[in-house]
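Grab your viewer and work through the exercises below. Try each task yourself before reading its solution.

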Amino acid sequence: MNSITNYEDNRGATQSRVRAIEDYYDSNGNFIITKVYDQRHKRLKNLQTEDTNNLEQELDQPLTIHVPDDKTWKPVQLTDEQKDEVKAHVMKHTKNL
């Protein structure tokens, strides 16, 4: 999974946004599907109203970058350069949703 999460909480509103690329594999390591999504949620505190927007796209090719070659599927610590690459990659694939 590659993702970007933004969260803001101030006196007037709470806002969150998650943009992500998730590749799914079966137990044998065979690729199944990729889901690309952009989820937004905003809650206005004074008015007690909420607004949610979920956009999703399914693709038939893996898109996640910086996945370990050993397929252990454990989280890895990325370098600052890799973090910038992931951010640009996720932004690119979620901007047209």
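**Exercise 1.** In which loop is Arg11 found? Work out its surroundings too.

*Solution.* A quick word on ground rules: this is a predicted model, where local features need pLDDT of at least 70, side-chain atom pairs count only at pLDDT 80 or more, and totals for chains, interfaces and linings use all residues. Residues are numbered from 1 along each chain as its sequence is written, and side-chain values use heavy atoms, with hydrogens and water left out.

Step 1: Arg11 sits in the loop between S1 and S2. Strands here are DSSP runs of E with at least two residues, helices are runs of H or I with at least four, and both are numbered from the N terminus.

Step 2: check the accessibility. Arg11 has 79% relative accessibility, so it counts as exposed (exposed is over 50% relative accessible area, buried under 20%, partly exposed in between, with a 1.4 Å probe and protein chains only).

Step 3: look for contacts, meaning heavy atoms within 4.5 Å. Leaving out residues up to four places away in sequence, Arg11 touches Lys45 and Asn46. Lys74, by contrast, is 63 residues from Arg11 in sequence and 38 Å from it in space, C-alpha to C-alpha.

**Exercise 2.** Put the strands of the sheet in order and find the edges.

*Solution.* Step 1: list the elements. The protein has 1 helix and 4 strands, running β-β-β-β-α from the N terminus.

Step 2: pair the strands, which takes at least two DSSP bridges between them. S1 and S2 (residues 13–25) run antiparallel and share 8 bridges; one to look up is Ile4, whose partner in S2 is Arg19. S2 and S3 (residues 31–44) are also antiparallel, over 13 bridges, with Thr14 partnered by Arg43 in S3. Then 11 bridges join S3 to S4, again antiparallel, and Lys42 has Asp51 as its bridge partner in S4.

Step 3: read off the order. The result is an open sheet of 4 strands, S1-S2-S3-S4, with antiparallel pairing. S1 (2–9) and S4 (49–59) are the edge strands: each has a single partner strand, so one side of each lacks a neighbour in the sheet.

Step 4: inspect the turns. The S2–S3 hairpin has 5 residues between its strands, and Gly29 in the turn shows a positive phi of about 85°. In the S3–S4 hairpin there are 4 residues between the strands, and Gln48 in the turn has a positive phi of about 55°.

**Exercise 3.** Is Tyr7 buried or exposed?

*Solution.* Step 1: place the residue. Tyr7 is in strand S1.

Step 2: apply the cut-off. Its relative accessibility is 58%, so Tyr7 counts as exposed.

Step 3: list partners. Beyond its neighbours within four places in sequence, Tyr7 is in contact with Thr14, Gln15 and Ser16.

**Exercise 4.** Which residues make up the largest nonpolar core?

*Solution.* Step 1: set the criterion, namely buried Ala, Val, Leu, Ile, Met, Phe, Trp, Tyr and Cys residues joined through side-chain atoms within 4.5 Å.

Step 2: collect the members. The largest such core has 6 residues: Ile4, Ile21, Val36, Leu63, Val86 and Val90.

Step 3: zoom in on Val90. Not counting residues up to four places away in sequence, Val90 touches Asn2, Ser3, Ile4, Arg19, Ala20 and Ile21.

Step 4: zoom out. Buried residues make up 21% of the 97 residues in the protein.
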